[in-house]
Amino acid sequence: IEELETPASNLRVTFDRLLSEHAFLTVQAMHAGLTDDEQFAAAAAALESNTRDLEHAITEIYGDAGGQQFGDLWRAHIGYVVDYTRARGSGDQDAEQRALDGMAEYQDEFAEFLTGANPHLTEDAVHHLLEDHLGQLQQVADLQSGDYEAVYEAARTAYGHMFDLGDGLSRAIVAQFPDEFTGGAIAFGPAIDLRVVLDRHLGEHAFLAVEVMRQADAGAGADLAASHALASNGESLRAAIADIYGEDAGRGFADIWEQHNGFYIDFVRALVADDTGAQERARDGLEAFSGRVA
């Protein structure tokens, strides 16, 4: 195990984790920005904490000036996304266009920053990654459409895309500083690929479980869409297990995992309904899950 913990591996895992966390925290800030000032303040604080972590990671590589420039640009794009979401929600077309113009300017400036810092990154590649990220968040921003299934599909896509961005960025840094970030072949070999796949699916599970809780009293459409997204994530985990241990093991895992998702959803809904008996039954099921999965 220790031989897999190379500087290059740790770099890849760190950027993938921080960038994927950014995607889901941004989605939560977008949701909260339309409905609740207190929730938005909390979501914005969590997002800022994630930004500081990313800024620190960049500073460790490119120095204080590079970290500060990254942080300023990163915060700007978050602001544009939230402004766009609010403009879409209120129907303010002028504000929507200003946010879109800001996103376009950000893409140019951020691509210039990254390609200037690292010769192994090209502007075309960076622009493509940024366009995909912002485009996916724009789909999430269309919350007032009521198509919650599409919103959660876009959110899951945005989350997964950040692993592409993290891998691309970490590959370029390893190529730029091979003596500092040693173990590049291990970092992008099958063992760390496996770790990243499981990190991705389990991290997404945690976020979607939170979303199920948040949407439990938000209306049937949002509640059902969040539950469907959680189930879809479970299918991704089943496929990952089946790739390693075979289809029988995948199905066995899926049966246990689906039951624990069901108990979790039952527990959350029982809390909303203040049904103590249903809460207790769901809690018993969740406690039994840990033994079964072990």
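## Close-up views of a predicted helical model

**View 1. Arg-52 counts as partly exposed, at 46% relative accessibility.** The model shown here, and in each view below, is predicted. Arg-52 has a salt-bridge partner in Glu-48, and the closest N and O atoms of the two are 3.6 Å apart. Glu-48 also counts as partly exposed, because its relative accessibility of 25% falls between the cut-offs of 20% and 50%. Look along helix α2 to see how the partners are placed: Glu-48 and Arg-52 are four residues apart, so about one helical turn separates them. An α-helix has 3.6 residues a turn, so residues three or four places apart point the same way.

**View 2. Thr-51 is a buried residue of helix α2.** How accessible is Thr-51? Its relative accessibility is 0%, so Thr-51 counts as buried. Leaving aside residues up to four places away in sequence, Thr-51 touches Trp-74, Arg-75 and Ile-78. One of these, Trp-74, returns in the next view.

**View 3. Trp-74 and Phe-110 bring their rings together across two helices.** There are eleven aromatic pairs in the model. In this one, the ring centres of Trp-74 and Phe-110 are 5.7 Å apart and the planes meet at 45°, so the pair is tilted. Trp-74 belongs to helix α2 and Phe-110 to helix α3, so the pair ties together parts 36 residues apart in sequence. Trp-74 is buried, at 1% relative accessibility, and Phe-110 is buried too, at 3%. Together with Phe-70, Tyr-106 and Phe-113, these two residues form one aromatic cluster.

**View 4. Trp-257 and Phe-289 make an edge-to-face pair.** Here the ring centres are 5.9 Å apart and the planes lie at 65°, so the pair is edge-to-face. Trp-257 sits in helix α9 (residues 247-273) and Phe-289 in helix α10 (residues 276-293), so to speak two distant parts of the chain, 32 residues apart, linked by the pair. Are these residues buried or exposed? Both Trp-257 and Phe-289 are buried.

**View 5. Helix α4 runs from residue 123 to residue 141.** Its 19 residues reach 26 Å from the first C-alpha to the last, close to the 27 Å expected. Among the buried residues of α4 are Val-126, His-127, Leu-130, His-133, Gln-136 and Ala-141. What covers the buried residues of α4? The cover includes α1 (7-35), α2 (37-90), α3 (93-117) and α5 (148-176).

**View 6. Helix α7 contributes to a nonpolar patch and holds a salt bridge.** Leu-194, found in helix α7 (residues 190-215), joins Ile-244 and Tyr-245 in a nonpolar surface patch of about 320 Å². Leu-194 is partly exposed, with a relative accessible area of 37%. Arg-195 and Asp-199 also lie in α7, four residues apart, and their side chains meet in a salt bridge at 3.8 Å, N to O. Arg-195 is partly exposed at 31%, as is Asp-199 at 36%.

**View 7. Arg-283 and Glu-280 form a salt bridge in helix α10.** Their side chains meet at 2.9 Å, N to O, and the two residues are three apart, about one turn of the helix. Arg-283 is partly exposed, with a relative accessible area of 31%, and Glu-280 is partly exposed as well, at 39%. Elsewhere, salt bridges that share partners join Arg-12, Asp-16, Asp-167 and Asp-193 into one network. The count for the model is 16 salt bridges.

Note on methods. Residues are numbered from 1 along each chain as its sequence is written. This is a predicted model: local features need pLDDT of at least 70, side-chain atom pairs count only at pLDDT 80 or more; totals for chains, interfaces and linings use all residues. Side-chain values use heavy atoms; hydrogens and water are left out. The expected span of a helix is 1.5 Å times one less than its number of residues. Buried means under 20% relative accessible area, exposed over 50%, partly exposed in between (1.4 Å probe, protein chains only). Contact means heavy atoms within 4.5 Å. Patches are made of residues with over 30% relative accessible area and no salt bridge: like charges are joined within 9 Å, nonpolar side chains (Val, Leu, Ile, Met, Phe, Trp, Tyr) within 5 Å. Accessible areas come from the Shrake-Rupley method with a 1.4 Å probe; for residues, only the protein chains shown count as cover. A salt bridge is a side-chain nitrogen of Lys or Arg within 4 Å of a carboxyl oxygen of Asp or Glu. Rings of Phe, Tyr and Trp (its six-membered ring) pair if their centres lie within 6.5 Å; planes under 30 degrees apart count as stacked, over 60 as edge-to-face and the rest as tilted.
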